[in-house]
Amino acid sequence: IFRDGLRKLIESQPEMCVTGESSVGGEAVRLARERKPDILLLDLALPSRSGFQVLNDLAGLHLSMRTLVLAASVEESTLLEAFYLGAHGIVLKGSPREVLLKSIRSVIAGQYWLDDESVPIVIEALRKSPPSQNGAPNRRDYGLTPQELKIVGRVANGSSNKEVGQE
């Protein structure tokens, strides 16, 4: 039911189309490899092969496709693992349609997406990252570019949206 509604929502947008769909992880990887979509909307709760396993499989394919993860809820471990495995955004399944469409457009445009509920979770995870052996903070890049890491750092330190947006 959710996938049917999502397909109808996407197809109602003149600049978007659905190139394939699957409820099985292995098939999703195959379709992504064959059809090379701009974006993959990936549910973490897939039968037989988790969304995390699919993300891991996709990482090895080196596709230019970006992945937006659909999650029922957000937890620190879910957020961090999804981004670590190459996701470009996470959106809650219960989000309003406008938020879902905005997240899709943002990820396609090359941005990363986190909803308002997820940002504090990521910030807390970054703040409690253990120090390295030489006493300097342990810097894990989670697949982000230096510029993206700089922006995340500014957000973590409380910079305003206007200041961060000027990057």
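I began by noting how the elements are named: helices (H or I, at least four residues) and strands (E, at least two) are DSSP runs, numbered from the N terminus. I also wrote down that this is a predicted model, in which local features need pLDDT of at least 70 and side-chain atom pairs count only at pLDDT 80 or more, while totals for chains, interfaces and linings use all residues. Residues are numbered from 1 along each chain as its sequence is written, and side-chain values use heavy atoms, with hydrogens and water left out.

**Entry on R66**

I looked up R66 and found this residue in strand β2, which covers residues 66-71. Is R66 buried or exposed? R66 has a relative accessible area of 16%, so I entered it as buried (under 20% relative accessible area; exposed is over 50%, partly exposed lies in between, with a 1.4 Å probe and protein chains only). I then saw that its side chain makes a polar contact with the side chain of H88 at 3.4 Å; such a contact is a pair of N or O atoms within 3.5 Å, where within protein one must be able to donate a hydrogen and the other to accept it, and residues adjacent in sequence count only if both atoms are side-chain atoms. Leaving aside residues up to four places away in sequence, I listed what R66 touches (heavy atoms within 4.5 Å), including D38, I39, V107 and G110.

**Entry on G110**

I followed R66 to G110, which sits in the loop between α5 (97-108) and β4 (113-114). The two residues are 44 residues apart along the chain, and I noted 8.1 Å between their C-alpha atoms. G110 has 36% relative accessibility and therefore counts as partly exposed.

**Entry on S95**

I placed S95 in the loop between β3 (89-92) and α5. At 18% relative accessibility I recorded S95 as buried, and its side chain reaches the backbone oxygen of L92 at 2.8 Å.

**Entry on α1 and α5**

I looked up how helix α1 (residues 2-11) packs with α5, and found an angle of about 65 degrees with the axes 11 Å apart; axes are lines fitted to C-alpha atoms, for helices over the stretch in contact, and angles run from 0 to 180 degrees between N-to-C directions. I therefore wrote that α1 is roughly perpendicular to α5, since 65 to 115 degrees counts as such, under 35 as roughly parallel, over 145 as roughly antiparallel and the rest as oblique. On the α1 side I noted L6, L9 and I10, and on the α5 side R97, L100, L101 and I104.
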